[in-house]
Amino acid sequence: MSGTPYQPVFNNSSANLYHHDDPRDTQFYTPDSHSVDLPAGAAAPRFMAAAHHDEGNRASYASSQNSLPTVVGDDYDGQKSRGFYGLNYNDSEYNASQAALNASPDASPFLSEKPRAFQPQQPPKSRKKVVVGSLIALALIVAGVVVAVYFAVIKPKQNHTSGNNASGAASDNSPSNGNGDTSSTPSARVAISGGDGSTVTMFDGSTFTYSNPHGGTWYYDPANPTVSGARAQSWTPALNETFKFGEDNIRGVNLGGWLVTEPFIVPALYERYINTSEPVVDEWTLTQRLTADGAIDELENHYKTFITEKDFADIAAAGLNFVRIPIAYWAIEVRENEPFLAKTSWTYFLKAVEWARKYGLRINLDLHSLPGSQNGWNHSGRLGEINVLLGPMGIANAERSIDYIRIIAEFISQPEYRDVIPMFGVTNEPFGPTIGKDAIQRYYLQAYNTVRTASGTGEGNGPWVVFHDAFFGLTNWADFLPNADRTQLDIHQYICFGGQSADNYGVRVQNGQACKTWAAGQNDSMTAFGMTHVGEWSLAINDCGQWVNGVNLGARYDGSFTASHFDVTGDCNEYTDYTKYDDQWKADMKQFALQSMSALQNWFFWTWKIGNSTVTGRPPSPAWSYSLGLQEGWMPTDPRGSEGVCDNSDPFNPPLKAWQTGGAGAGQIPQSIQAALAWPPQSLTDVANLAAVPQYTQTGSLVSLPAPTLTAVSGKTTSTVKAGSWNNPSDTASMWVPVATCGYLDPWMGPNTSPDPCPAVGGAAAAAATTAPAARREYAPRAYITPAPGRS
């Protein structure tokens, strides 16, 4: 473990605590109070973020003090628990890493279960119709009828011009048959696509048989590699068609633990250092140890192997249409002594874009980790303290984060990526109860304006901007930023971080827990705010699983939690050893999944994959793995089976308002609101006067993300596809960087240090800065970019 031991942290200032009038909507309700004495090297687990909502009080762990947060209770009945911690919370800290599941490259291991019978609102094409359609298509080909695939598959969107054609793209593509075969002359540009049973050649040159029982088609045109045409399922709009948010359902999955590692998702990466005097607890300490051991390449090997192209094909085959991909700021750069592996994960995100385009999946790109940490949890990069919008470096870290939001927004708003990346989560789980609502709202408006400067305004111009609810609950965001262009509200719904209960899946299904807890709140928010989705949820109903509460902390459910006493509720082995699940147990899990999907409506399951433990050889937290659930039979093979499972007595009636989807009035936020939420704030919850803390200056060299090197192949001719990194050439403002004459606190050192003022460049007080050398950092940010990655 690095220098300072991680301690549970707590902020006692009442100024930063937000009162909730409606406990049904908040994730903090009737908490149990437990004194927790965490061991050295451990930070407070997520369930401790639950706190009082009464008396305007909410505890958290955001300072280095030793006061301890409280824990939520067990009640999950209807009104009381509908919300954040009743059935909500982000899992980052709990994922264990797993080696790849045993899967043949020739067939998906997750599709052996037949879809259950149901009557969806948009039923898929029957197998008979598909067969008949294929025979007709084959007959036409044999007869010599040439079908213009470019116009049939790559037709422009009806509502707007996609603009996703690469330089030099042509429209004279020859057709492909249902098996993915193509015919061409050396001068023809041939579009390649196929459906269920076709042979796919992956980007690494290997092949597999495409299995998609839902009418999905893959598409990749080597002559125009940035053209979109794939369809994940017959009922999901193809990438070159408009996805109508609020009408078309988001059924997605997170790729957690991939480009931002978490101990409970990828345990194999962390287990090598667990039985040492200084166990690693987050990516900060992991990269420190790997670098010291000369083994940092293992992290890139994890990027290469944990998620692959085949996973994207399997996700589409599972009936899912979106992937949420967490990414960290160090994909862009690091500064000073930040130990993270810089500028490497971006290469693999670019591969994800290629794979998503090929298999018809849309991406919700989520900025998961900010410099200084926005929540103090391990998935923010470093376990411990909050240093974004809090403490003496709170504004400097926020300004740096806004720069990274801008860099990402400029890249993904380019025409080549608009169809594939329609959503951008600007910050994952900022801990609002400690940071304060005013600072969060100002930050969100600044982030929104930054994205729209990069993208432009109106449908088709860049991504929807996603705001996490910051643990304030859905109702507290009603009418936020009226007339804002294409924004979404994200809430994370978890059961396991609430109080522990002996009720198993069968009891919860019988009681309709998911339907009673979540459904009405989601419907209400679709009207009160606009487009609302659940960015994370899982099937975990207790905190069993390796490192779900944090490295070496144990579980409350079985009484093994090491930092405080909790009475034993049950045996965790019953939940973690999935090899002993019987048919009834799996059936109850599946029905609970369907109830959850029905209640949440637009969702992303956390997560697609939990890695194998090097100790057991199996995923140690099975309820968090969608792919394992498909393989073992407790996840539905067609999520449309959830339609109508919850009795929706108060439904949202689409469509969304025109301005909410980029239509008339979009982007016309009233000037009074812009002024009321002007950036930066004049104070923070623990800093009364921002003039007294270090400030950055907007004079740094602009950094951009490298574009992929793509080669277009047309017959015997190859050419390099031009690709850029910046959508708006007028967006030329410099980056926020340290003032050369100032001494700065470490951006990660915590909110309780009181630095001397940082004078402006050339100011009279410049020579008077007396910040102690131990607390100073004098550096120029290293703003360089990596070469454009090659395709492999």
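Biologist: Is His 468 buried or exposed?

Modeller: In this predicted model, His 468 lies in strand E11, which covers residues 464-468. Its relative accessibility is 1%, and the cut-off for buried is under 20%. His 468 therefore counts as buried.

Biologist: Which backbone nitrogen does the side chain of His 468 reach?

Modeller: Let's follow the side chain of His 468 to its partner. The two are 2.9 Å apart, and a polar contact needs a pair of N or O atoms within 3.5 Å. The backbone nitrogen belongs to Ala 470.

Biologist: Now to the helices! Are H13 and H15 roughly parallel or roughly antiparallel?

Modeller: Helix H13 spans residues 513-528 and helix H15 spans residues 583-600. Their axes are 7 Å apart and meet at an angle of about 15 degrees. Angles under 35 degrees count as roughly parallel, so H13 and H15 are roughly parallel.

Biologist: How many charged residues are in the contact of H13 with H15?

Modeller: H13 contributes residues including Trp 518 and Gln 522, while H15 brings Phe 592 and Leu 600, among others. The residues of this contact divide into seven nonpolar and four polar. The number of charged residues is none: there are no charged ones.

Biologist: And how many charged residues are in the contact of H8 with H11?

Modeller: Helix H8 (residues 394-412) packs against helix H11 (residues 437-455) at about 30 degrees. Among the contact residues of H8 are Arg 406 and Glu 410, and both Arg and Glu count as charged. Alongside eight nonpolar and three polar residues, the charged ones number two.

Note on methods
Residues are numbered from 1 along each chain as its sequence is written. This is a predicted model: local features need pLDDT of at least 70, side-chain atom pairs count only at pLDDT 80 or more; totals for chains, interfaces and linings use all residues. Side-chain values use heavy atoms; hydrogens and water are left out. Helices (H or I, at least four residues) and strands (E, at least two) are DSSP runs, numbered from the N terminus. Buried means under 20% relative accessible area, exposed over 50%, partly exposed in between (1.4 Å probe, protein chains only). A polar contact is a pair of N or O atoms within 3.5 Å; within protein, one must be able to donate a hydrogen and the other to accept it, and residues adjacent in sequence count only if both atoms are side-chain atoms. Axes are lines fitted to C-alpha atoms, for helices over the stretch in contact, and angles run from 0 to 180 degrees between N-to-C directions. Angles under 35 degrees count as roughly parallel, over 145 as roughly antiparallel, 65 to 115 as roughly perpendicular and the rest as oblique. Contact means heavy atoms within 4.5 Å.
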